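User: Please pick one part of this entry and go through it closely. I would like a connected account of how that part is built and what it touches, in plain terms.

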Amino acid sequence: MTEVNTSKNSLRRQSGLAHVINYGQFGNVTLNGPSLFICERHPLTILQLDTNKSKTLTDISNLLNAEFPHTTNTCKGDDERRIIWLGPNRWLIVEPEHGCLQTLIKNEFNSSEVFLTDLSHGKSTVRLRGRKARDVLMKGSGIDWHLNSFGADYCAHTKLFDLAATVDCRDIDVFDIYIARGFAEDFWGTLMDAAAEFGYQVD
Amino acid sequence: MLIINCPLCGPRDHAEFTYVGDATKNRPENGDSSNDHAWYDFVYLRDNPKGLHEELWQHSFGCRCFVKVLRNTLTHEIIATGMPKDNLILKEKGLELSV
């Protein structure tokens, strides 16, 4: 019988894009350098939180020392802890993986008040950065990506290259794209094709 | 290509939505057997109107909310959208359901 390796390294979360990412510069890179920079954000803790009790939400907000966005299609926070509006009474909490966020909330709140779904294993996150980032997004979805409609701290849940995606505008030309892990390789290939005409660098 | 204006997310391609059904049907008050005909009507009977029709769609690739859509089944024009509790016919003065 094969011995099961239970060392800490064997349990480390594996990237859904590990087999397809090639690092370097590709496509139509000019003397000015690439117009796009693409990388995977990994590993992340991605937690969906549902609650319809405003007091509970305030308590969670205090516990996490983070503000929840209440305006539709907006986000708050930074790379350390990002909170994305998903729908009425539903948010996505994203942070670099520490392994304690879910436990922290579960220990403090009744499971009938707060519903947590760990999506860390089910999502892949790609960061798209550069002056042509909006042009790439325009190829994949029909929503209005203009800066006036979709600026920093806005988010959209939409079909991007025919796949369900959450797009978080981190800054004017920086976007985090959350995609289902099972479709991540397909998405990555399509993204590379869309970015090729602008010249891109995979970091 | 239809553009549906989700009350929460804004204008989106109809491919992001899933058609749910007729929004004009009201659920009967209770489930006892004296209401069988009302339940049969609610579950199975649907009109096939030519003209304006109130429909429910779900924004399944977006906020996942149900959206009420007033659509012309003849021209596919989407006249108004709102939350499920909204009465779109009243909102659009001068328009009436043609059944």
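Analyst: Two strands count as paired if DSSP finds at least two bridges between them. A small case in chain B shows the rule at work: strand 5 (residues 66-72) and strand 6 (residues 78-82) of chain B run antiparallel and are joined by four bridges. In that pair, B:Arg71 stands opposite B:Ile78 of strand 6 of chain B. The two strands form a hairpin with five residues between them, and B:His76 in the turn has a positive phi of about 65°. The model is a predicted one.

The part to look at closely is the open sheet of chain A. Chain A as a whole has four helices and twelve strands. Seven strands form the sheet, in the order 1-12-2-8-11-10-9, with mixed pairing. Its edges are strand 1 (24-26) and strand 9 of chain A, each of which pairs on one side only. On average, neighbouring strands of the sheet are turned by 25° against each other, with direction ignored.

One pairing within the sheet can be followed residue by residue. Strand 10 and strand 11 (residues 174-180) of chain A are antiparallel and share six bridges. There, A:Asp171 stands opposite A:Val174 of strand 11 of chain A. As a general point, side chains in a regular strand alternate between the two faces of the sheet.

Two helices pack on this sheet. Helix 3 of chain A, residues 133-140, touches strand 2 (36-41), strand 8, strand 9, strand 10 and strand 11 of chain A, and its direction makes about 130° with that of strand 8 of chain A. Helix 4 of chain A, residues 184-195, touches strand 1, strand 2, strand 8, strand 10, strand 11 and strand 12 (200-202) of chain A. The direction of helix 4 of chain A makes about 170° with that of strand 2 of chain A.

The next matter is the domain contact. Chain A is divided into domain 1, covering 22-43 and 122-203, and domain 2, covering 44-119. The centres of the two domains, taken over C-alpha atoms, are 25 Å apart. Each domain of chain A puts 13 residues into the contact between them. On the domain 1 side, strand 8 (123-129), strand 9 (155-160) and strand 10 (163-171) of chain A each supply at least two residues. Strand 9 of chain A has the largest share of that side, three residues. By type, the domain 1 side consists of four nonpolar, five polar and four charged residues.

Strand 9 of chain A also appears at the boundary with the other chain. Ten residues of chain A are in contact with eleven residues of chain B. On the chain A side, strand 9 of chain A gives the most, again with three residues. The chain A side has three nonpolar residues, six polar ones and one charged. Strand 9 of chain A is thus named in three settings: as an edge of the sheet, on the side of domain 1 that touches domain 2, and on the side of chain A that touches chain B.

Some values for the whole of chain A give the setting. Its C-alpha atoms fill a box of roughly 60 × 55 × 25 Å along the principal axes. Its radius of gyration is 18 Å, which agrees with the value near 17 Å for a compact globule of 203 residues. Buried residues make up 29% of the 203 residues of chain A. Among contacts in chain A between residues at least 6 apart in sequence, 65% join residues at least 24 apart.

Notes:
Residues are numbered from 1 along each chain as its sequence is written. Chains are lettered from A and ligands numbered from 1 in the order in which they are written. This is a predicted model: local features need pLDDT of at least 70, side-chain atom pairs count only at pLDDT 80 or more; totals for chains, interfaces and linings use all residues. Domain bounds come from an automatic or database domain assignment. Two residues are in contact if their C-beta atoms, placed from the backbone, lie within 7 Å. Ala, Val, Leu, Ile, Met, Phe, Trp, Tyr, Cys and Pro count as nonpolar, Asp, Glu, Lys and Arg as charged, and the others, Gly among them, as polar. Axes are lines fitted to C-alpha atoms, for helices over the stretch in contact, and angles run from 0 to 180 degrees between N-to-C directions. The radius of gyration is taken over C-alpha atoms; the globule rule is 2.2 Å times the number of residues to the power 0.38. A residue is buried if 20 or more other C-beta atoms lie within 10 Å of its own, exposed if 12 or fewer, and partly exposed in between; C-beta atoms are placed from the backbone.
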